[in-house]
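Student: I've got a structure to go through before lab meeting. Can we work through it together, one question at a time?

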Amino acid sequence: MEYKAERLISDAAAYGAQLIVFPEAFIGGYPRGSNFGVTIGSRTPKGKEDFRKYHSSAIDVPGPEVERLAAMAGKYKVYLVMGAIEREGYTLYCTVLFFDSQGHFLGKHRKLMPTALERVIWGFGDGSTIPVYETGVGKIGALICWENRMPLLRTAMYAKGVEIYCAPTADARDVWQASMTHIALEGGCFVLSANQFCRRKDYPPPPDYIFAGTDEEELSPDSVVCAGGSVIISPSGTVLAGPNYDGEALISADLDLGEIVRAKFDFDVVGHYSRPDVLSLIVRDHPTTPVSFTSAAPKTESFQKS
């Protein structure tokens with residue numbers, strides 16, 4: 001997948017792209033259709049083995065894959081927002097990685113609230129990884145898929161001054177476009193949503209892998225199982241590019257950051273249109289850990305009188 005990532009980064013850079021956004025879980029894979037053998041009170045041996053394989057395909061952050069992605073960003077002089085499955089010990093996280101155009105890893109955002117069965121395979125992020133980075137192309141941040149529907153989390157992003165709001169996703173439904181337009185208008189920001197485009201042949205064949213709720217006999221290798229819908233929307237709600245449902249593609253647009261100021265003259269959700277005397281939000285942005293270790297007390301020097 002890293003080789004494909006570099007090909008796409010190279011192609012986008014050749015078109016003059018300065019910022020490139022990839023879909024949710026582009027590296028490590030979004031396990032669409034998988035249930036990992038889970039039912040209430042039970043897990044199957046095959047499901048456990050499926051998780052072992054999925055765990056082995058995840059990446060460490062920091063780690064060699066992160067270094068390679070940083071090198072790609074530096075090589076092609078682009079800012080890069082990459083969806084990945086992160087491995088920390090034996091827990092996996094759905095994560096977005098940020099890189100600058102000089103080849104530096106800036107940091108990450110972990111999905112705060114996985115959706116439905118995702119909660120079985122992915123851990124929960126915390127308030128310490130909700131970054132907005134000031135870059136040469138604007139203030140960049142990202143939320144992943146359905147956590148974009150969490151109004152308080154969006155408000156935290158707006159309060160951090162996000163200008164280019166990235167939304168990697170796995171949702172190809174029409175209603176997703178409505179959410180993206182609303183966020184652009186609500187936040188007075190550009191929204192860049194990147195979604196995967198997948199066919200049945202991109203997944204293992206049945207009976208080892210079956211898409212629940214579908215008739216596998218009616219699915220051909222070329223049947224579309226995720227139709228994409230990547231889109232770029234301005235702070236005024238204007239669709240600048242996409243949504244694309246026609247296959248794997250690169251979409252692009254020129255962003256005029258002056259449009260943000262013009263939009264916020266009408267509505268600034270954390271500025272003149274806020275009412276902190278009535279409504280307020282507290283964000284706990286410190287890391288949460290299950291175990292903490294205190295270091296040994298420092299040794300005191302002893303002095304002997306002469």
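Tutor: Sure. Keep in mind that this is a predicted model. Let's begin with a charge over a ring: Arg110 lies over the face of Tyr93, at 3.7 Å from the ring centre.

Student: Okay, and which ring does Arg149 lie over?

Tutor: Look for an aromatic face with the Arg149 side chain above it. The distance from the ring centre is 4.3 Å, which sits inside the 6 Å cut-off for a charge over a ring. The ring belongs to Trp146.

Student: Now rings with rings. Is the Phe98 and Tyr133 pair stacked, edge-to-face or tilted?

Tutor: The whole structure has eleven aromatic pairs. For Phe98 and Tyr133, the ring centres are 5.1 Å apart and the planes meet at 55°. Stacked needs under 30 degrees and edge-to-face needs over 60, so this pair is tilted.

Student: How many residues apart in sequence are the parts that this pair ties together?

Tutor: Both Phe98 and Tyr133 are buried. Phe98 belongs to strand 5 (residues 91–99), while Tyr133 belongs to strand 7 (residues 132–135). The pair therefore ties together parts whose separation in sequence is 35 residues.

Student: What about Ser193: buried or exposed?

Tutor: Ser193 is in strand 10 (residues 190–193), and its side chain reaches the backbone oxygen of Ala167 at 3.1 Å. Among the residues Ser193 touches are Thr169, Trp176 and Met180. Its relative accessible area is 4%; the cut-off is under 20%, so Ser193 counts as buried.

Student: Which strand gives the most to the largest nonpolar core?

Tutor: That core has 31 residues, and Leu19, Val81, Ile85, Trp122 and Ile140 are those with the most contacts inside it. Strands 1, 4, 5, 8, 9 and 10 each supply at least two residues. With four residues, the top contributor is strand 5.

Student: How many residues are in the other core?

Tutor: This one lies apart from the largest core. Its members include Leu8, Ile9, Ala12 and Val61. The count is 21 residues.

Student: Last one: which helix do the buried residues of helix 5 pack against?

Tutor: Helix 5 (residues 151–159) buries Leu153, Arg154, Ala156, Met157 and Tyr158. Just after this helix, Gly161 takes a positive phi of about 85°. The buried residues pack against strands 7, 8 and 9, and the helix they pack against is helix 6.

Key:
Residues numbered from 1 in each chain as written. Predicted model: local features only at pLDDT ≥ 70, side-chain atom pairs only at ≥ 80, totals over all residues. Heavy atoms only, no water. Phe/Tyr/Trp six-rings, centres within 6.5 Å; stacked < 30°, edge-to-face > 60°. Buried < 20%, exposed > 50% of the residue type's maximum accessible area, 1.4 Å probe, protein only. Lys NZ or Arg CZ within 6 Å of the ring centre and 35° of its normal. Contact = heavy atoms within 4.5 Å. Polar contact = N/O pair within 3.5 Å; in protein donor to acceptor, adjacent residues only side chain to side chain. Core = buried A, V, L, I, M, F, W, Y, C linked by side-chain atoms within 4.5 Å. Lists of a residue's contacts leave out its neighbours within four places in sequence.
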